[in-house]
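Here is a short briefing on a two-chain structure for someone meeting it for the first time. Please keep the sequence and the 3D view open while you read.

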Amino acid sequence: MDILIFLILFPLIAALLMLVLPNGGLRDSIVKISAVVTAVASLYLFVTTYGNGLSFYTIGSELTGTLMIAIEVAIALFIIGISVKFKHYLIAVLVAIQTAAILYAENFAVSHAALSQELFLDEFSVIMALIIGIIGSLICVYAVGYMKSYQDHHKEIKDRRPLFFFLMFLFLSAMFGIVFSNHIVWLFLFWEITTLCSFLLIGYARDEIAWKNAFWALLLNTLGGVAFAFSIMFILLFSGNAEYIYLNNLIAAGPAVALIPAALIGFAGLTKSAQMPFSSWLVGAMIAPTPVSALLHSSTMVKAGVYVIVRFAPVFEGNLIGIMISLVGAFTFLFASAIAISQSNAKKVLAYSTIANLGLVVACAGIGTQEAVWAAILLIIFHAVAKSLLFLSVGSVEHKKHSRDIEDMSGLIATMPKIATMMLIGIAGMFLAPFGMLISKWATIHAFVNALPPFGMLLVAIIAYGSGITVFFWAKWMGKLIEVRTKSEPLKKEASGQEMTAIYALGGLTVITCLFFPLISSELIEPYLGEVYGTASHLLSLNNMIIMIMMLVLIVLLPLSLLHFGKGRTIKQQYMCARPTGADMSFSGSMGIKKDLEMSNYYLEEYFGEEKIAKAGNLLTIIIIAILFILAAMILSGMVMFI
Amino acid sequence: MNIIENIPVYQLAGAILFVILAPFIGAVITGIDRKITARMQGRVGPPVLQPLYDIFKLFEKENIVVHESQNFWIFSYLIFIIVTGVLFFAGSDILLVIFALTLAHVFLVLGAYSTGSPYAHVGAERELIQLMAFEPIIIIAAIGFYEITKTFDTLGILQNSVAPIILMPGIFIGMVYVFTIKLRKSPFDLSTSHHAHQELVKGLTTEFSGSTLGMTEIAHLYELVFLLGFLFLFFGMAAPVIGLIALIVVYFLELLVDNATARIKWQLLLKSCWIITAVFGVVNLMALYFI
């Protein structure tokens, strides 16, 4: 248990240290050391608890409970204060309601439950801890180099790097808290800390638009917070057994007890994981410096949202509440992918694809069968590695090219070959067979066909269309990267040492997770499913696994063919219809006028325009969520046991 | 665990036969295709084996490229088209087959992009739109097979006692509709066609010549056989003769459409394919629950 406490407390201590250290070599070194320690500690956790299954830990002191409440109130007061100052009264009201609900519930009921198993650990928590510990730390290392050039580029923004690194490490600490908490009030506290951290990080630049987006994120996440608080109130006041304050007891009790809390927490998860209609906050969060985006997207914030939904997946299995959650996810996948087609801003494409992928995770979790949860966890893992790699690469390219537009990345493979190659690996990981995400998509389809009819078929149809859409926007981006028109020399230095370290490490991790996913599956995911569902079955047949690995090996070997194809070729210029005027591919137009050649990708805005699609998606998901609450109300009023 | 023992002999045979025979079968089919097309246009047409002669000739040409890397992408394309067919004829998971096919086409598109040529660029973009138009129905077809036969393995689907076509005629219609895209025939020959005189010169393949172009041609032959095999699954061993006749009829229809229509814009292609997929494919899929 020491290691659990260490993982929560160490980043916290590092965070406090960051707050006081001035900019300079000392802080940079301490960031790196802290990152390494966190990463190693999460690996140590994996090694030492390997094969232990589910285990519980307790702090066993009344004092911690009081301390928790004190922190909760302090956070609430801070948020209320700042919201009032900036005239966002709705947030203040929501936070007041949420805090009142929690305090009321705790006051009346928490004393009945003996403090015995506040923290827990199983394979799922270990997977999450590895994602947070390794990827989160790499992003912190990257941030050292990135934030330095960020401040050099943005002279107008006041240097608040001590606060920045404080928040980054605090975020990691809170995330460890979320995945280790068995006591739901503790989980809620850490949940609130992540909301606060993301709010302050999004508002890092402190200009008008940064504040606006930060408050928007805060508002939507507070909505989720209120639902979460009501869920806790429901458990404490209505479930009749104080033991249900522990996640494991609650989930084991099944839908008859846990369905209402699960629906409420599921709703909170939807807001945090930026599902439609709440997706706009994550898009707005792009205003923050790139390491923040990477952190939010890959190892923290949104992962916390899907984490709780996947935790509650067994409760959702085979009932309509679960199906509604699933439909929100599936439609989010479809609509967010469609919007990604019309975006040329690289960070926005990444944002929408995150929203889409999390949609797929939510869709799986809502189905809640063993196979679906297997797919969901795989999706989480692959998304975390590939997406962080992509964000960091885009961030570094942006600093060199002064643009985050995909159109400006034309021929990047020639000018920044190292980062471009890493980007290609990341993109391939996001959608191509036999790489990570595609294995998960394959598993997702397998899971959906067996879901509650006729919803299973609807989900499958959604995924069929969504799949085609994903291919389109990723492939055209890859195309831009390798589209070399004229010979050009590569840059001497593509990014700072810290940045390149993080990017290479994540590129390596992407390949490693793809190669070793059968091991991840058999050693971590399947044991977890065995505990939760009581049966252990191999979800990936040996034959299919061999095929996927053979395909992967083939792709790794294919570049060797370049040795052959590079030789003995006559190099000619591109065919320009007999009208070229020079090596720059300009051509002569009518009346002898020289025209420059412009090549740009299709964005099909007529069909996939952001505004139009987002409107439709939001409307549809709002209706589904309304149905979700109506169903919940029906169960609550005793009209039906559970549907 | 002995892996070799797990692979029955006929699965191995299916894979090997595909690799060896598919180009010849494909070449003969395209040869007959050219002959019939010529007759429809009042010409005599080339010998049936002309597609093979063309390919042999391409491999004797000088190797001209814009960038060294382009051949690598096209080689990968060819390899993965073969992998697709091998997986299919070896009876493995049909979803993996579809994903391998998508991967192959992404390689082709990347090959076109890598040349940096304006004509190839537009061709590549259009090819992606075609991929996007084609993908939904083929996944829906795979799910349809699963619903009827309760297996994703092509071998299991093939051996089903009832011909799937009886329960999924709508999906079959959808498949036949988008089949034109894969045959690169009019009205869906947007990204490249067998003729060089279109508005994009030769689109996707503008910058490919010699052996590189030869590789794309071979890939096309492999893909043709694979796609006909996919359509044959709708009939399976329950109605093999009817299946063969249906394939001939479908292919003849494609020729007729090819010769009777002009190229359409990508907007109409995408819209019509998706709508046909929704109307015939998705509705059919939903209906499977009630049968």
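In this predicted model, residues 96-116 of chain B form a span that is 90% helix and 0% strand. The C-alpha atoms at its two ends lie 31 Å apart. Residues 128-149 of chain B are 100% helix and 0% strand, with end C-alpha atoms 32 Å apart.

**Annotated spans in chain B**

- Both spans appear in UniProt under "transmembrane region", in an unreviewed entry.
- That annotation also covers residues 12-32, 71-90, 161-181, 224-253 and 268-290 of chain B.

**Around B:T151**

- B:T151 sits in the loop between α6 (118-149) and α7 (154-158) of chain B.
- The side chain of B:T151 comes to 2.9 Å from the backbone nitrogen of B:D153.
- B:T151 and B:I94 are separated by 57 residues in sequence. In space, their C-alpha atoms are 9.2 Å apart.
- Leaving aside residues up to four places away in sequence, B:T151 touches residues that include B:F145 and B:Y146. B:G156 and B:I157 are also among its contacts.

**Where the chains meet**

- How many residues of chain A are in contact with chain B? There are 69 on the side of chain A, and they contact 68 residues of chain B.
- About 6,100 Å² is buried between chain A and chain B. Carbon and sulfur atoms give 76% of that area.
- In chain A, the residues that lose the most area to chain B are A:M457, A:Y465 and A:Y602. Together they make up 11% of what that side buries.
- The rule finds zero salt bridges across the interface of chain A and chain B.
- Polar contacts are present: 13 residue pairs across the interface, with both residues at pLDDT 80 or more.

**What chain A brings to the interface**

- Several elements of chain A give two or more residues to the side that touches chain B. Among them are the helices α20 (436-449), α21 (455-482) and α23 (542-557).
- The helices α24 (561-565) and α25 (605-608) of chain A are also on that list, as is the strand β3 (570-571).
- Which element gives the largest share of the side of chain A that touches chain B? The answer is α21(A), with 18 residues.
- By residue type, the side of chain A that touches chain B divides into 46 nonpolar, 16 polar and seven charged residues.

**Strand pairing between the chains**

- β3(A) is joined by two bridges to strand β1 (residues 64-65) of chain B.
- The two strands run parallel.
- A:I571 has B:V65 in β1(B) as its bridge partner.

**Backbone details in the loops**

- Where is a cis peptide bond found in chain A? One joins A:M276 and A:P277, with omega at about 5°.
- A:P277 lies in the loop between α10 (255-272) and α11 (280-284) of chain A.
- In chain B, the peptide bond from B:S186 to B:P187 is cis, with omega near 5°.
- B:P187 is placed in the loop between α8 (169-183) and α9 (210-232) of chain B.
- A:R206 is not a glycine, yet its phi is positive, at about 60°.
- The loop between α7 (184-202) and α8 (208-238) of chain A holds A:R206.

Methods: Residues are numbered from 1 along each chain as its sequence is written. Chains are lettered from A and ligands numbered from 1 in the order in which they are written. This is a predicted model: local features need pLDDT of at least 70, side-chain atom pairs count only at pLDDT 80 or more; totals for chains, interfaces and linings use all residues. Side-chain values use heavy atoms; hydrogens and water are left out. Contact means heavy atoms within 4.5 Å. Buried area is the accessible area (1.4 Å probe) that two parts lose on being put together, summed over both. A salt bridge is a side-chain nitrogen of Lys or Arg within 4 Å of a carboxyl oxygen of Asp or Glu. A polar contact is a pair of N or O atoms within 3.5 Å; within protein, one must be able to donate a hydrogen and the other to accept it, and residues adjacent in sequence count only if both atoms are side-chain atoms. Helices (H or I, at least four residues) and strands (E, at least two) are DSSP runs, numbered from the N terminus. Ala, Val, Leu, Ile, Met, Phe, Trp, Tyr, Cys and Pro count as nonpolar, Asp, Glu, Lys and Arg as charged, and the others, Gly among them, as polar. Two strands pair if DSSP finds at least two bridges between them. UniProt positions are given in the numbering used here, feature names are shortened, and annotations may be inferred rather than shown by experiment.
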